[in-house]
Amino acid sequence: MLDGLLAPGDRLPSERELAQLLGVSRPSLREALRVLEAMGIVDVRPGRGPEGGTVFVGRPGEGGFAILLKMQLALGHFSDGDVIRTRLMLEEWSVAEAARHATEADHAELRRILDRMDAPELSARDFNRLDTEFHVRIAESTGNALACYLMSSLRAAIHRRMVDASERVDDWQRTSGPVRAEHRAILEAVERHDPERAAALVRNHINDFYGTG
């Protein structure tokens, strides 16, 4: 796969043939295929014939990387400081590029997300889901597919932490007001094509959330 010998949609040899080719046991092969399937790299289809077997997907979603990153965070391989600094670098770059390249359609979609975040009946979990959608959509508007992939994976990996932090607040609806205002200010800077102000606003936004400002 890494050498480019397989193209998206290619079917892998049968389990027996692949085990012989790689010189491994069939149980070991099955375990490896389960891992690749969880990462979204292959699609293992039951049965035989043209509809069965293992197919190389070629374009995995962010789920696999997010799972691995979440496990690394849970095992303490990365400190909270590492997470914050990495998120800051990625978010600042993304919002600055969005200010340079986002289209009117991007602006409209970002406004729609923020309008949905204004709903008073939102739970902390739903609010955080939309918050993630807003930041990932900014990354998407840069036109850089890898940046969007990394942003989506990082946000998925830290989602539980962010929800827990919100739910620990006594009156999170009241405290979410400033977050909404900060989002609106960030979007305004993007719409005005002001990358420096957009980056400064998102930096303050993240530092305020983590209390590192």
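Ile-113 is buried in this predicted model, since its relative accessible area is 0%, and the cut-off for a buried residue is under 20%. The residue is found in helix α5. Leaving aside neighbours within four places in sequence, Ile-113 is in contact with Leu-130, Glu-133, Phe-134 and Arg-137. One of these partners, Leu-130, is 17 residues away in sequence, and the C-alpha atoms of the two residues are 6.6 Å apart.

The helix that carries Ile-113 spans residues 104–117 and has 14 residues. From the first C-alpha to the last, α5 reaches 20 Å, close to the 20 Å expected at 1.5 Å a residue. Besides Ile-113, the buried residues of α5 include Asp-106, His-107, Ala-108, Leu-110, Leu-114 and Met-117. An α-helix has 3.6 residues a turn, so residues three or four places apart point the same way.

**Overall architecture**

The secondary structure of the protein comprises 9 helices and 2 strands. Along the sequence, these elements follow the pattern α-α-β-β-α-α-α-α-α-α-α. The protein has 213 residues, of which 37% count as buried. Among contacts between residues at least 6 apart in sequence, 66% join residues at least 24 apart.

**Helix packing**

Two packed helices are described by the angle between their axes and the distance between the axes. The table lists three such pairs.

| Helix pair | Angle between axes | Distance between axes |
|---|---|---|
| α1 (residues 15–22) and α2 (residues 26–38) | about 105° | 9 Å |
| α4 (residues 80–101) and α6 (residues 124–140) | about 60° | 8 Å |
| α4 and α9 (residues 195–210) | roughly 150° | within 8 Å |

At their angle, α1 and α2 are roughly perpendicular to each other. Their contact is made by Glu-15, Arg-16, Leu-18, Ala-19 and Leu-22 of α1 together with Arg-26, Leu-29 and Arg-30 of α2. By class, this contact has 4 nonpolar and 4 charged residues, with no polar ones.

Helix α4 takes part in the other two pairs of the table. With α6, helix α4 is oblique, and α4 passes α6 in a left-handed crossing. On the α4 side the contact is made by Arg-87, Glu-91, Ser-94, Val-95 and Ala-98, and on the α6 side by His-135, Ile-138 and Ala-139. The contact of α4 with α6 has 4 nonpolar, 2 polar and 2 charged residues.

How are α4 and α9 oriented to each other? The two helices are roughly antiparallel, because their axes cross at roughly 150° and angles over 145 degrees count as roughly antiparallel. Here α4 passes α9 in a right-handed crossing. From α4, the contact uses Ile-84, Arg-87, Leu-88, Glu-91, Glu-92, Val-95, Ala-96, Ala-99 and Arg-100. These residues meet Pro-195, Ala-198, Ala-199, Val-202, Arg-203, Ile-206, Asn-207 and Tyr-210 in α9. By class, the contact of α4 with α9 has 11 nonpolar, 1 polar and 5 charged residues. Arg-87, Glu-91 and Val-95 of α4 appear in the contact with α6 and also in the contact with α9.

**The loop before α9**

His-193 lies in the loop between α8 (172–191) and α9. Most residues other than glycine have a negative phi. In His-193, by contrast, phi is near 55°, a positive value in a residue other than glycine. His-193 counts as partly exposed because its relative accessibility is 45%.

How values were computed: Residues are numbered from 1 along each chain as its sequence is written. This is a predicted model: local features need pLDDT of at least 70, side-chain atom pairs count only at pLDDT 80 or more; totals for chains, interfaces and linings use all residues. Side-chain values use heavy atoms; hydrogens and water are left out. Axes are lines fitted to C-alpha atoms, for helices over the stretch in contact, and angles run from 0 to 180 degrees between N-to-C directions. Helices (H or I, at least four residues) and strands (E, at least two) are DSSP runs, numbered from the N terminus. Angles under 35 degrees count as roughly parallel, over 145 as roughly antiparallel, 65 to 115 as roughly perpendicular and the rest as oblique. A crossing is left-handed if the near helix is turned anticlockwise from the far one by less than a right angle, and right-handed if clockwise. Contact means heavy atoms within 4.5 Å. Ala, Val, Leu, Ile, Met, Phe, Trp, Tyr, Cys and Pro count as nonpolar, Asp, Glu, Lys and Arg as charged, and the others, Gly among them, as polar. The expected span of a helix is 1.5 Å times one less than its number of residues. Buried means under 20% relative accessible area, exposed over 50%, partly exposed in between (1.4 Å probe, protein chains only).
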